Amino acid sequence: MELASAQAIKEILYPDGFHFSKSMGQNFLINPSVPERIAATLPSGYGVVEIGPGLGALTDRLSQKAEKLMAVELDDRLFPHLESYFADRRVTIVKGDVLKVDLPALASEHLPGLRLVAYANLPYYITTPAIEVLMESGLFETITLMVQKEVAKRITTTPGSTDYSYHTVYWQYMAEPKILFNVSPGSFLPPPKVDSAVVSFTMRKEPPVPVKDKKAFFKVVRLAFDNRRKTMSNALSSLPGGKEALAASCVDPRRRGDTLSIPEFAAIANLLP
Ligand code: SAM
């Protein structure tokens, strides 16, 4: 059966009185070409971690190509279907909240010894923390996600743009992001109010520029964006050694924080005491 379809949702879930949960960000894919295109990015031989399989529209495609797949789903009501549908594949369904589970422990239990990639059609309200959890786990070579189109813009934007934010710097420091394609609301049931896009992050083995201390680097970035209308000189005034580091760097202290590139943030942070 084609799981990326309104028919499958009707036949599999509605008889048990299922209703979509807004609080769990449930918008299921009903356009089969979307999971098809997403799964086309999966190289063979990899272990896959999928977050939020829902009815399994994406799980179905990914598990046909994956060496093994582990899916983490929060909603109990989807388990009977997921467990029986994928019973004869190399698929493990784990009950849990992506923001709380111990992903490295689960991956070593269910996907031992494999090179790993992550996929998710995320509930949009947890996009930012979920990306952070996936990135900080250090498990994945690539992370491919459905996000709001607005967020996709913030992920790939450049200094000086209004979309440029603390998170842009974080995402681009950790990975090389790319927008793969846009997805319209009609590809989901129920249709979300916003356009979506699929983005992929290729995780970096090394930061894009040498950084002496990651914490100090992000402290400078945080201050710059907390005070994005202020000059860097004002933004860093409360940071011990901040003004001196700025003066010793090549960055004009009159510049606003949201115009600085990653190498410029690093140049300042690397001069902190
Ligand atoms: N992957 C399916 C698809 O593309 O049709 C469903 C996508 S739907 C946007 C998001 C899914 O994530 C739902 O199945 C929802 O129950 C699940 N979910 C929501 N919050 C979650 C969390 N914190 N951890 C894991 N799964 C979650």
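**Glu-50 and two pockets**

Leaving aside residues up to four places away in sequence, Glu-50 is in contact with Leu-58, Thr-59, Leu-62, Met-70, Ala-71, Val-72 and Tyr-119. The model in which these contacts appear is a predicted one. Glu-50 itself is part of strand 2. Its side chain carries a charge that counts as negative, and the residue is buried. Even so, Glu-50 has no salt bridge. Arg-89 is the nearest side chain of opposite charge, and Arg-89 lies 9.6 Å away. A salt bridge requires a side-chain nitrogen of Lys or Arg within 4 Å of a carboxyl oxygen of Asp or Glu, so a distance of 9.6 Å does not qualify.

Strand 2, which spans 47-51, also helps to line the largest pocket. It supplies at least two residues of the lining, as do strand 1 (28-29), helix 3 (57-65) and strand 3 (68-73). The space in this pocket comes to about 400 Å³. In total, 30 residues line the largest pocket, and those nearest its centre are Met-24, Gly-52, Glu-73, Asn-121 and Pro-123. Sorted by class, the lining has 18 nonpolar residues, eight polar ones and four charged ones.

Next comes the second largest pocket, with a volume of about 330 Å³. Its lining is made of 16 residues. Lys-22, Gly-25, Gln-26, Asn-27 and Pro-192 are the ones nearest the centre of the second largest pocket. Here the classes are nine nonpolar, five polar and two charged residues.

Methods: Residues numbered from 1 in each chain as written. Predicted model: local features only at pLDDT ≥ 70, side-chain atom pairs only at ≥ 80, totals over all residues. Heavy atoms only, no water. 1 Å grid on protein atoms, 1.4 Å probe; cavity = no way out; pocket = protein on both sides within 12 Å on 5 of 7 lines; lining within 4 Å. Points joined across faces, edges and corners; volume = space filled by probe spheres on them. Helix = DSSP H or I, 4+ residues; strand = E, 2+ residues; numbered from the N terminus. Nonpolar A, V, L, I, M, F, W, Y, C, P; charged D, E, K, R; others polar. Buried < 20%, exposed > 50% of the residue type's maximum accessible area, 1.4 Å probe, protein only. Contact = heavy atoms within 4.5 Å.
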